[in-house]
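Open the model in your viewer and keep the sequence panel beside it. The tour goes from one selection to the next.

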Amino acid sequence: MNLLTPDLGLVVWTSIAFLMLVFLLSKFAWKPILQTLKIREESIDEALKAAELAREEMGELKADNEKLLVKAREEREQLLRDASKAASMIKEEAKTDAEVITKRMMEDAKAGIEAEKQSALAEVRSQVANLSVEIAEKIIRKNLENDKAQKALVDEFLNDKSFN
Amino acid sequence: MTSLFAKGRKTFKNLAVILFFIAAPVLIASASSSEESADEKFSPSEMIMHHIQDTHEFHIGGKLAMPLPVILWTEHGLDVFMSGGFYHNEDNTITTSKGSYVLQHEKIYYAGEHSEDGHSARPLDFSITRNVFSLLLSFAFIAWIFISIANSYKKRGTAAPKGMQSFFEPIIIYVRDEIVKPNVGEKKYAKYLPYLLTLFFFIWINNMIGLVPFFPGGSNLSGNIAFTFTLSILTFLIVQFSANKGYWKHIFWMPGVPIPVRFILAPIELLGTVSKAFALMIRLFANISGGHIVVLSLASMVFMFKSYVVGGVVAPFILFIMVLELMVAAIQAYVFTLLTSLFIGMAVAEDDHH
């Protein structure tokens with residue numbers, strides 16, 4: 001039964017040692033340790049939350065970028081469309097201008113040709129008139145010799161000068 | 001393949017070294033005891049009881065022992081002297097200026113007045129016994145460990161733990177998050193945490209010191225009933241003093257049962273408050289003392305059979321039990337702390353389920 005009866009001396013010593021240890025460690029060990037652990041856990045918590053927030057912001061930023069990109073693409077397409085429209089318009093204008101110019105040139109040319117023709121005809125007319133005068137002169141000279149000769153001469157001239 | 005083989009060989013070598021260190025004291029002791037056995041027969045139960053109980057000197061090995069101071073509160077006041085005389089003098093008697101004392105079965109009596117029936121007068125004994133010596137040692141050790149850890153926390157701030165810090169930090173966090181917080185309750189745990197942390201490490205480290213097979217370890221402090229008695233009394237007091245109205249109501253006037261049953265339940269519940277602490281006391285005492293007794297019984301077989309072969313056979317068994325005891329040391333500290341937190345939690349629980 002000696003084993004099962006607590007010895008007063010050891011009870012007293014254990015109480016003193018243990019309670020002193022509780023006091024000492026509470027004050028000099030557990031307080032700083034637990035405080036530091038708490039602060040560390042809080043800072044880890046905060047860091048995790050901040051990371052989560054940053055990720056969300058990144059996501060938002062990415063979405064914004066996507067939107068901007070889509071808008072830019074649309075603008076580019078619009079610009080391209082406008083440009084091609086303008087180009088085709090310019091082409092059309094150039095075409096009509098060219099047509100107008102060609103038409104005018106053709107008309108000018110036609111007018112020129114007509115004028116040349118008129119002048120040529122006038123010259124022909126004058127030459128015919130001169131020839132007629134010459135023929136008449138020669139006929140008149142032959143007529144002075146004999147009638148037969150005058151007549152042969154007229155025929156000869158007429159054979160030589162055939163109008164075309 | 002070769003490295004695996006080499007590793008296996010190394011492990012085997014380590015195991016052999018450990019076995020040697022465990023077996024060596026047993027073998028040497030068996031060799032030396034054979035000389036003494038001529039005049040006195042080896043009694044295992046006496047040897048085991050001597051080890052399990054407290055003594056006034058610290059036996060180191062062979063004939064070497066460290067005398068310890070004896071502190072007595074006698075009829076003539078305080079008397080302090082060294083214990084050596086109790087073991088070397090004739091009749092185990094020491095005489096000082098204030099009186100003369102005799103040591104019988106590790107209990108100090110007034111010399112002369114001692115009678116064989118054991119009812120003689122005793123002075124109050126506050127001696128530094130082997131267990132008190134071990135207690136003071138563990139006090140210094142624990143204080144040193146945790147205050148130096150606390151200093152490295154102060155120095156390093158919230159940086160990652162290093163060295164001893166990184167060994168104890170997970171244990172501290174485990175005690176806080178797995179033992180104290182869920183059992184005491186989220187709101188009130190902080191108040192009890194320093195006490196419960198100290199309790200856990202106090203029991204654990206004293207259990208471990210008790211397992212060291214040579215000086216200055218090996219004393220059965222945490223398996224001593226006075227030690228477990230003190231700790232469970234403290235648990236009991238803390239529980240009763242932190243108990244709220246709901247707790248006392250559940251003891252004296254149990255809600256939700258018929259009135260006659262309440263009269264029967266009150267004494268049972270009241271007894272329950274004591275029996276919880278009593279169970280704590282017996283559990284730690286029996287587990288730690290039991291472990292010591294098993295190891296010593298196995299070692300005693302070598303002395304009884306006086307054979308090296310038995311020593312060789314018993315050594316692995318002792319190793320196995322020692323490893324088991326290392327686990328028990330931690331488990332018992334865990335259980336004591338867990339139950340204390342649980343009892344505190346029951347005492348401070350918010351009465352919200354009615």
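How many residues of chain B are in contact with chain A, and with how many residues of chain A? Keep in mind that this is a predicted model. Colour the two chains differently and look where they meet: 31 residues of chain A are in contact with 39 residues of chain B.

Stay on the side of chain B that touches chain A. Select strand 8 (124-125), helix 4 (130-156), helix 5 (164-184), helix 6 (189-211) and helix 7 (225-242) of chain B; these are the elements that give two or more residues to that side. Now select helix 4 of chain B alone: with 13 residues, helix 4 supplies the largest share of the side that touches chain A. Colour this side of chain B by class, and you have 26 nonpolar, 10 polar and 3 charged residues.

Next, go to the sheet in chain B. Its 3 strands form an open sheet in the order 4-3-8, and the pairing is antiparallel. Select strand 4 (77-82) and strand 8 of chain B to see the edge strands, each of which pairs on one side only. Then select strand 3 (residues 69-74) of chain B, which runs antiparallel to strand 4 and is joined to strand 4 by 6 bridges. For one such pair, pick Thr74(B): its bridge partner in strand 4 of chain B is Gly77(B).

Finally, zoom out to the whole of chain B. Colour residues 57-128 as domain 1 and residues 131-348 as domain 2, following the domain assignment. How far apart are the C-alpha centres of domain 1 and domain 2 of chain B? The distance between these centres is 32 Å.

Methods
Residues numbered from 1 in each chain as written. Chains lettered and ligands numbered in written order. Predicted model: local features only at pLDDT ≥ 70, side-chain atom pairs only at ≥ 80, totals over all residues. Contact = placed C-beta atoms within 7 Å. Helix = DSSP H or I, 4+ residues; strand = E, 2+ residues; numbered from the N terminus. Nonpolar A, V, L, I, M, F, W, Y, C, P; charged D, E, K, R; others polar. Pairing = 2+ DSSP bridges. Domains from an automatic or database assignment.
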